Structure formats: structure tokens, C-alpha cells
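Ready for a little structural bookkeeping? Please load the model and work through the exercises at your own pace.

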Amino acid sequence: MHLPSLWQALHQRRYLRSGWPWRCALYFLTSVPLGVALLTCLLVLALAGSLLTVVLVGVPLLLTLLLAGLPVAHVERRRLRLIDPAVPLADAHQEPPRTGPAAWLRTRLQERSTWRELGYALLFGCLLWPLEAAVIGTVLGVSGGLISTPLVMATADGEEARVIKLWLVHSYPAAFAVALAGLLLLPLLAYPLGLLAVGRARLTRLLLDVPPHQDDVHVRELSRSRMRLVTAFEAERRRIERDLHDGAQQRLVTLSMRLGMARLDAREEPLAGLLAQAHDEAQAALVELRELIQGIHPRVLTDRGLAAAIEDIADRSPVPVDLDLDLPHRFPEAVESAVYFAVCEALANVAKHSLATRATVEARVDQGQLVVRVRDNGVGGADGADGTGLEGVADRISVLDGHLLVSSPSGGPTVFRLLVPCTPAADRRLDAPPAR
């Protein structure tokens with residue numbers, strides 16, 4: 001079930017009956033011990049590092065102080081889910097270009113996010129947690145002090161009790177009245193507690209959510225331009241297929257029919273032999289053209305979707321293919337086309353190189369990804385660099401932010417796995433009428 005944001009929950013009547021007030025209280029309660037531990041570590045690292053720098057022992061301590069924001073930010077990103085779970089705060093750090101501690105340290109010291117996280121750690125350790133301790137202490141102290149008045153009076157032999165150190169009550173009816181006031185006050189304090197939690201979440205996002213670097217913007221724009229090129233290429237492919245199907249193929253069909261009629265009317269040689277030869281050539285050209293159209297863009301893929309297209313591939317495969325398809329909806333055209341031709345390439349490799357007697361194709365949607373697996377019982381040894389076309393499939397899938405994984409040990413089996421992020425295509429239905 002979709003969980004509304006804390007800000008939205010504050011505007012709903014069932015806010016007090018929901019778990020949000022408890023989540024806010026837990027968030028502020030955990031801030032106090034974390035803040036105390038962080039402040040202690042920062043002071044120890046700063047003092048010990050400064051004093052021991054002259055003997056070079058303090059240099060690693062000072063480096064540790066500079067990197068103290070990394071674990072703090074990691075914990076804060078997870079803790080933020082208590083009060084802002086709608087959009088998780090992603091880690092902004094990049095993978096080092098090489099392995100080893102030196103490359104890792106160089107990469108971290110050059111990142112803006114490292115210094116922003118250090119600033120957040122200093123702010124949290126020196127200022128934020130004392131304020132949060134005051135907030136949660138006020139809420140729990142005032143309400144708890146009022147609610148516990150009868151208990152305090154009972155421990156004082158029932159004579160009197162001091163209410164949160166402000167005034168005295170001298171009877172149990174007055175003590176229970178104060179406790180009732182505390183119970184009524186507790187829900188009212190839940191609203192300012194939620195407002196403060198909203199502000200705290202926004203401050204955390206402001207400091208830890210690093211805006212993308214200009215290079216990242218360029219990379220995303222490059223990815224979008226590649227996707228636009230793929231979409232344009234698929235549209236051009238479909239246009240060529242449509243022109244061949246509706247133009248050249250129809251002309252060849254007409255030519256073949258007329259040659260057949262002329263062949264029936266011609267009884268004398270050599271005209272009858274020439275017409276028979278021309279008719280056979282026209283029939284062969286028509287078969288080749290149909291295969292070419294099928295290879296450019298299969299009509300079944302456009303009309304009925306990916307599952308039907310894979311079934312068509314399996315029917316035409318020289319190696320028997322078992323199917324396990326669970327595709328409940330249509331996908332974007334670029335995704336369907338790329339996956340279709342990837343399965344074609346995989347089954348072609350099974351038929352040509354694997355010496356397999358049987359293959360299996362599985363396809364399903366799992367956590368927002370289209371997962372396709374082609375497995376055979378052949379001899380294995382498939383390699384994307386030996387001209388089998390797997391490298392081209394990997395390049396085409398990578399444009400869609402997908403991955404191609406191939407496992408083919410010597411002796412088999414070969415497993416060809418595709419992972420493609422996808423969303424349902426709302427304007428394309430499995431029961432849609434054939435395209436014209």
C-alpha cells in the first residue's frame with residue numbers, strides 16, 4: 001500500500017491514529033544517542049589528531065575526521081526513512097576507477113558529496129541533536145510529568161505531589177485530573193512534533209542530496225539522445241517493413257499470378273518453358289521478400305506483442321523450444337523490438353553452434369524489470385567476441401539501460417539472460433486490433 005508523506009498525513013484526520021507520531025518520536029529519540037556518540041568521536045579525532053600530528057600518527061586520525069561524514073550520511077539516509085520513506089535518499093558517491101585504498105581515498109576526497117556530508121556531520125554533532133533532545137524532552141517530559149502525577153503522589157504517601165516542578169496537588173482527584181490533562185495534551189503535541197520532523201527531513205535532504213554534476217547531466221542527455229535514436233530507428237524499420245509489405249510484395253504477388261495465368265495459356269515451346277521459369281523465379285523472390293520483411297520487423301510483434309512473437313520464433317526454430325512466458329501487458333516498442341531480436345539471436349546461436357537438442361525460453365516481469373532467459377542443453381563455449389552477434393545484442397540492450405548476462409561453460413549448458421527495465425505501455429493492449 002502506498003504510504004503518504006508526513007506532510008500529507010498531517011493534513012488528514014487519522015494522523016493521530018496512524019503510526020506517524022510514533023515514527024517522529026522514534027526519529028528524535030534515536031538522534032540523541034547518535035548525536036552524543038558523534039560529538040564524542042569528532043572531539044577525540046580532532047584533539048588526538050592535532051596533538052599527534054608532529055609524530056605523523058595524527059595524520060590518519062585527521063583523515064578519518066575528514067571522512068567522518070560518510071558513515072554518518074549512510075546512517076542518516078536509512079534513518080530518514082522513518083519520517084520520509086516516499087523517495088529514498090540515494091548515495092551520491094561514485095565507484096573508484098581502480099581498486100585499492102589509495103584510489104578509494106583519492107576519489108572520496110575529490111567528491112563534493114564527501115565535504116557536504118562532513119558539514120552535515122559537524123552540524124548534527126554540534127547543534128541538531130541538542131535541539132532535538134530539547135524537543136523530544138519537552139514533549140515527553142511535559143506529557144509524562146502530567147500523566148505520572150498519581151504515581152508520584154502514591155510514592156509520597158498520598159499527601160502531595162509536585163506537578164513538573166511547577167505546582168503542588170494535595171488530593172488524588174486533583175492528581176487524576178492533572179493526569180487526564182496530560183493524556184489530552186499528548187495528542188496536541190504530536191502535531192508540532194510532526195511539523196518539526198518535516199523540517200528536519202527537508203534539512204537532511206538539502207544537505208545530503210547532492211545535485212548532479214555537469215558531467216552527469218551530459219551523460220543523462222547522451223542517454224536520452226541514444227534512446228531517441230533507437231526510437232527513430234525502430235520507426236524507420238517499421239516504415240520500411242510496411243512499404244515492402246504493402247508495395248513490393250503486392251506487386252510480386254500480382255506478377256506471380258499473371259505469370260501463372262500466362263503459363264496456363266501458353267502451350268508451345270519455348271514460350272511455355274520461359275514462362276514456367278519466370279513464374280518459379282517470381283515465387284522464389286516472393287518467398288525471399290517475405291523472409292526479409294519478417295527479419296526487418298515481424299508483423300506479429302506489432303499486432304500481438306512480445307509473447308506471441310516469441311512463440312512464433314519458437315515455432316520456426318529447428319531446435320525444439322519449450323516456452324514459459326508470463327507477460328501480462330505490452331511494453332514500449334523499443335523494448336519489445338530489442339528483446340525480440342535478442343531472443344532471435346540466442347535461438348539462432350542454439351541452432352548453429354550449440355549442438356543442442358532442446359532449448360527453453362522463459363520471460364516474466366520481476367520488480368519493474370523484464371527478465372528473459374534462454375537456456376539450451378548444448379556443448380557451451382559461447383563467447384560474445386567470436387562473431388556470434390552477442391556483442392551487438394549487448395550494445396542494443398545497453399541503450400535501454402539493460403544488461404546481457406551469458407553463462408556458457410565448456411560442456412554446457414548455455415544460459416542467455418536479459419534484464420531490461422520497463423514499464424507497461426498504457427496505449428498498447430494485448431488485445432489491440434492489428435496495425436494497418
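Three exercises with worked solutions follow.

This is a predicted model, in which local features need pLDDT of at least 70, side-chain atom pairs count only at pLDDT 80 or more, and totals for chains, interfaces and linings use all residues. Residues are numbered from 1 along each chain as its sequence is written, and side-chain values use heavy atoms, with hydrogens and water left out.

**Exercise 1. Helix α8**

Compare the expected span of helix α8 with the distance between its end C-alpha atoms, then find where α8 bends.

Solution.
- Helices (H or I, at least four residues) and strands (E, at least two) are DSSP runs, numbered from the N terminus.
- The expected span is 1.5 Å times one less than the number of residues, so the 37 residues of α8 (residues 172-208) should span 54 Å.
- The end C-alpha atoms of α8 are 52 Å apart, which agrees.
- Now the bend, the angle between axes fitted to the seven residues ending at a residue and the seven starting there: α8 bends by about 25° at Leu186, and Pro187 follows within four residues.

**Exercise 2. The salt bridges of Arg200**

Which residues are linked with Arg200 in a network of salt bridges?

Solution.
- Use this criterion: a side-chain nitrogen of Lys or Arg within 4 Å of a carboxyl oxygen of Asp or Glu. A search of the whole structure finds 11 salt bridges.
- Arg200 pairs with Glu76, their closest N and O atoms being 3.6 Å apart. Arg200 lies in helix α8 and Glu76 in helix α4 (residues 69-79), so this pair ties together parts 124 residues apart in sequence.
- Glu132 also forms a salt bridge with Arg200, with the closest N and O atoms 2.1 Å apart. Because Glu132 sits in helix α6 (residues 112-147) and Arg200 in α8, the pair ties together parts 68 residues apart in sequence.
- Check burial (buried is under 20% relative accessible area, exposed over 50%, partly exposed in between; 1.4 Å probe, protein chains only). Glu132 is buried at 4% relative accessibility, and Arg200 is buried at 6%.
- The network links Glu76, Arg79, Glu132 and Arg200.

**Exercise 3. Packing of α2 and α4**

Are α2 and α4 roughly parallel or roughly antiparallel?

Solution.
- Fit lines to C-alpha atoms over the stretch in contact, with angles from 0 to 180 degrees between N-to-C directions. The axes of α2 (residues 20-52) and α4 come within 12 Å and cross at roughly 175°.
- That makes α2 roughly antiparallel to α4, since angles under 35 degrees count as roughly parallel, over 145 as roughly antiparallel, 65 to 115 as roughly perpendicular and the rest as oblique.
- Contact (heavy atoms within 4.5 Å) involves residues including Tyr27 and Leu34 of α2 and Val72 and Glu76 of α4.
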